[in-house]
Amino acid sequence: MNVVETFRTGLDAVLSHRLRSALTVLGIMIGISAVILTVGLGEGAQAQVGSEISALGSNLLTVTPGSTTSSSGVRGGFGTASTLTVGDAAALASRVVAPDIHSVAPATSTTANLVAGTSNWTTSVVGTDPSWLTVRGRTMTEGRFIVASDLASRAEVVVLGATTAQELFGFRDPVGQTVDIAGQPMSVIGVLNTVGSSSSSSTVANPDDQAVVPLTTASALLTGGANRNSVSQILIQATSASTLSAAYQETDAELLSLHGITTTTGADFTITSEAQVLSTATSVDRTLTVLLGGIAGISLLVGGIGVMNIMLVSVTERIREIGLRKALGATPRVIRRQFLVEASVLGTVGGVLGALLGIIGAVALPHLISDPITVSPVAAAGAIAVAIAIGIVFGVYPASRAAKLPPIDALRSE
Amino acid sequence: MTRPDGTGSPEEAGHPSGFEDTGPVRIEPTAVHPVLDPALRPVGRRPVIEVRDVWKTYRNGTLEVDALRGVSFAIDPGEYVAIMGPSGSGKSTLMHILGCLDIPTSGEFRLAGDDVSTMTEEELAHVRNKRIGFVFQQFNLLSSLSAWRNVELPLLYAGVERTARKRRALEALERVGLADRVDHRPGELSGGQQQRVAVARALVTDPALILADEPTGNLDSVSARDVMDLLDELHRSGRTIVLITHDAEVSEAAGRSIRIRDGQISSPVTSGSGPA
């Protein structure tokens with residue numbers, strides 16, 4: 001029997017047992033598309049977080065009070081200690097002390113309820129100084145930002161994020177209106193530009209939903225506390241991405257000396273760069289990918305066991321057929337080849353359909369769950385290869401064993 | 001029987017349609033040395049089947065059961081022989097050995113002069129394919145294939161080219177009176193029709209021997225008559241037929257009966273029609 005005839009016989013067997021073939025193909029399909037989708041979700045999340053963080057700008061340093069050290073564990077909670085002051089920020093802003101620092105913005109942050117007429121909206125309220133706009137890389141779509149005189153006079157003015165303005169005022173022009181923040185009436189002087197929300201990511205707060213007030217106003221009216229000069233963070237913009245490291249050193253040295261600390265391990269503040277956040281996030285996502293890959297591997301294993309079962313059952317119920325074909329003159333080799341063709345056809349069709357289903361899912365699902373899915377060619381090819389291999393091993397092995405039986409034993413089997 | 005492409009086995013070609021050995025089972029003391037090339041082998045008078053002192057022992061754990069205990073006989077070309085016996089007599093075991101579906105534990109079995117017991121699995125497959133046509137009690141048709149696709153199977157394994165396969169399958173089906181059912185699947189045919197498809201499949205390769213194992217066992221009397229008539233007709237056209245049955249009535253169609261009981265030939269009797 002030549003190759004074409006063998007192929008035709010195998011194909012005939014696949015086509016003439018439609019239900020059995022369809023179930024086998026379905027099992028392979030689901031296994032493969034599950035692998036493609038789970039791996040794709042992991043890689044998509046990784047890519048998304050990476051791009052979001054890099055969009056924040058990588059020449060930014062954030063100083064927060066308190067520190068964690070590997071030797072002594074937690075030293076004060078983030079944001080709970082009051083070790084950072086407006087004076088620290090002022091010192092860092094000095095060109096002499098820190099030539100690689102472009103601008104410095106001290107900031108406090110609190111969450112408050114904003115009321116405008118009948119609308120109310122809870123969001124984060126940032127108290128800061130005029131350099132915040134440059135440090136954060138923001139612009140105004142309307143009105144003006146906080147100026148030095150607002151700080152000096154503790155002016156009761158507020159700048160709103162686009163989303164916040166929309167929530168409070170709808171389509172009315174917010175500039176010149178009054179907003180009650182935690183019961184304190186403040187007049188709206190401007191609206192920040194829209195930077196686009198990274199809605200689904202929990203790693204970055206929505207930059208379009210916040211209210212910005214002068215630092216002095218915030219500490220006097222909103223945050224209160226014992227030390228009116230303390231801030232919850234100091235944002236530092238290096239002169240460029242390449243001087244970030246130098247800016248880090250200068251900040252560290254200056255703050256240590258200002259706070260009278262002699263050892264780096266005794267630091268009562270923490271400096272983080274966006275690059276650190278990026279690498280942390282990336283490593284988190286790598287863990288996520290490994291996790292999802294593990295889940296995908298298990299689903300492939302389960303799918304593979306399904307394929308194995310259906311192949312074993314289908315061959316077992318066909319032992320009589322194998323016996324008959326042998327009685328009619330088929331040699332064991334011909335029988336093996338027929339089943340090899342059958343298993344390969346089922347594996348390939350299931351593999352390709354599964355890959356298609358996975359890719360369709362990767363395109364369609366993000367519209368429903370707002371998470372990006374990156375199709376990984378490696379994962380897809382690997383999944384198909386494994387499915388075909390499982391199909392062949394468990395389709396051909398029992399058939400090959402049956403082909404070795406004396407034909408009469410095979411014929412008599414029920 | 002037409003032989004359109006001349007691929008039939010040479011042993012069977014041109015032998016006389018009658019047979020003369022109507023006596024007891026012949027036991028030939030020595031066999032002619034087999035000539036390896038079948039084309040050079042003398043044809044005609046050589047027995048199609050020579051069985052000499054064949055034993056078959058089944059082992060079930062420590063229990064040994066002798067299904068055949070020293071069976072010897074010969075069947076000439078063109079004979080129509082019934083092998084009879086009650087169930088458990090060993091007749092099915094004998095049939096499996098005659099059909100090269102099983103091998104004897106000891107003893108010699110020559111099919112058309114070739115010693116089957118020394119053959120490899122592959123050679124046995126070729127012998128089954130080219131020299132033997134099977135008709136089973138259970139029909140054993142592949143339910144997913146149409147009648148003609150079932151009939152062509154032996155030709156497929158013989159390596160016959162596609163168009164020739166179809167032509168010969170259709171001819172064989174016409175011969176058994178199923179020319180109008182070639183595209184039906186077994187499920188769409190009656191029991192008698194299915195068994196006729198099986199007969200067509202048995203004769204499509206022009207085998208030296210047609211082995212029918214209780215061919216009427218699953219059929220009503222009318223269908224059984226049809227199938228027996230068909231075997232009769234094949235016999236008249238010169239084929240060697242071995243019929244295994246427990247039914248004395250069925251065995252009367254045969255020219256000779258070999259009775260088997262407890263694994264041994266009990267009374268090799270002659271009966272039936274004599275030379276056709």
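## A walk through a predicted two-chain model

In chain B, strand S1 (residues 49–60) runs antiparallel to S2(B), and 10 bridges hold the pairing. One pair to look for is B:Val54, whose bridge partner in S2(B) is B:Val71. Keep in mind as you explore that this is a predicted model.

**The sheet in chain B**

S1 and S2 belong to an open sheet of four strands in chain B, with the order S2-S1-S4-S5 and antiparallel pairing. Which strands stand at the edges? They are S2 (63–75) and S5 (114–115) of chain B; each has a single partner strand, so one side of each is left without a neighbour in the sheet. As a general point, strands of a sheet pair through backbone hydrogen bonds, either parallel or antiparallel.

Stepping back, chain B has seven helices and 11 strands. Of its 276 residues, 49% are buried. Taking contacts in chain B between residues at least 6 apart in sequence, 71% join residues at least 24 apart.

**A strand with two faces in chain A**

Now turn to strand S8 (residues 178–181) of chain A. Which of its side chains are buried, and which are not? A:Val179 and A:Ile181 point to one face and are buried, while A:Thr178 and A:Asp180 point to the other face and are not buried. This fits a general pattern: in a regular strand the side chains alternate between the two faces of the sheet.

S8(A) has strand partners too, and A:Ile181 is a handy landmark for finding them. The table lists two of these pairings.

| Partner of S8(A) | Sense | Bridges | Residue opposite A:Ile181 |
|---|---|---|---|
| S4(A), residues 101–116 | antiparallel | two bridges | A:Leu114 |
| S9(A), residues 184–192 | antiparallel | four bridges | A:Gln184 |

S8(A) and S9(A) form a hairpin with two residues between the strands, and there A:Ala182 takes a positive phi near 50 degrees.

**Where the chains touch**

At the contact between the chains, 20 residues of chain B meet 18 residues of chain A. On the chain B side, the elements that give two or more residues are helix H2 (121–131) and helix H3 (147–158). H2(B) gives the most, with six residues. By class, this side of chain B has 10 nonpolar, six polar and four charged residues.

**Nonpolar cores**

The largest nonpolar core has 126 residues, and the members that touch the most others are A:Ile36, A:Ala383, B:Ile83 and B:Ala200. Which element gives this core its largest share? Helix H12 (residues 377–404) of chain A does, with 13 residues. For a closer look at one member, B:Ala200 touches B:Val151, B:Ala172, B:Leu173, B:Arg175, B:Val176 and B:Leu178, leaving aside residues up to four places away in sequence. A second, separate core of 52 residues includes A:Ala89, A:Val157, A:Val212 and A:Ala247. In soluble globular proteins, nonpolar side chains tend to be buried together.

**How confident is the predictor?**

Chain B averages a pLDDT of 81, and 80% of its residues score at least 70. Where does the score stay under 50? One such stretch of chain B is residues 1–44, for which the model has 70 contacts beyond four places in sequence. Another is residues 271–276 of chain B, with 16 such contacts. Where pLDDT is low, the predicted coordinates should not be read in detail. For the complex, the predictor gives an ipTM of 0.78 and a pTM of 0.62.

How values were computed
Residues numbered from 1 in each chain as written. Chains lettered and ligands numbered in written order. Buried ≥ 20, exposed ≤ 12 C-beta atoms within 10 Å, placed from the backbone. Pairing = 2+ DSSP bridges. Contact = placed C-beta atoms within 7 Å. Nonpolar A, V, L, I, M, F, W, Y, C, P; charged D, E, K, R; others polar. pLDDT = per-residue confidence, 0-100. Core = buried A, V, L, I, M, F, W, Y, C linked by C-beta atoms within 7 Å.
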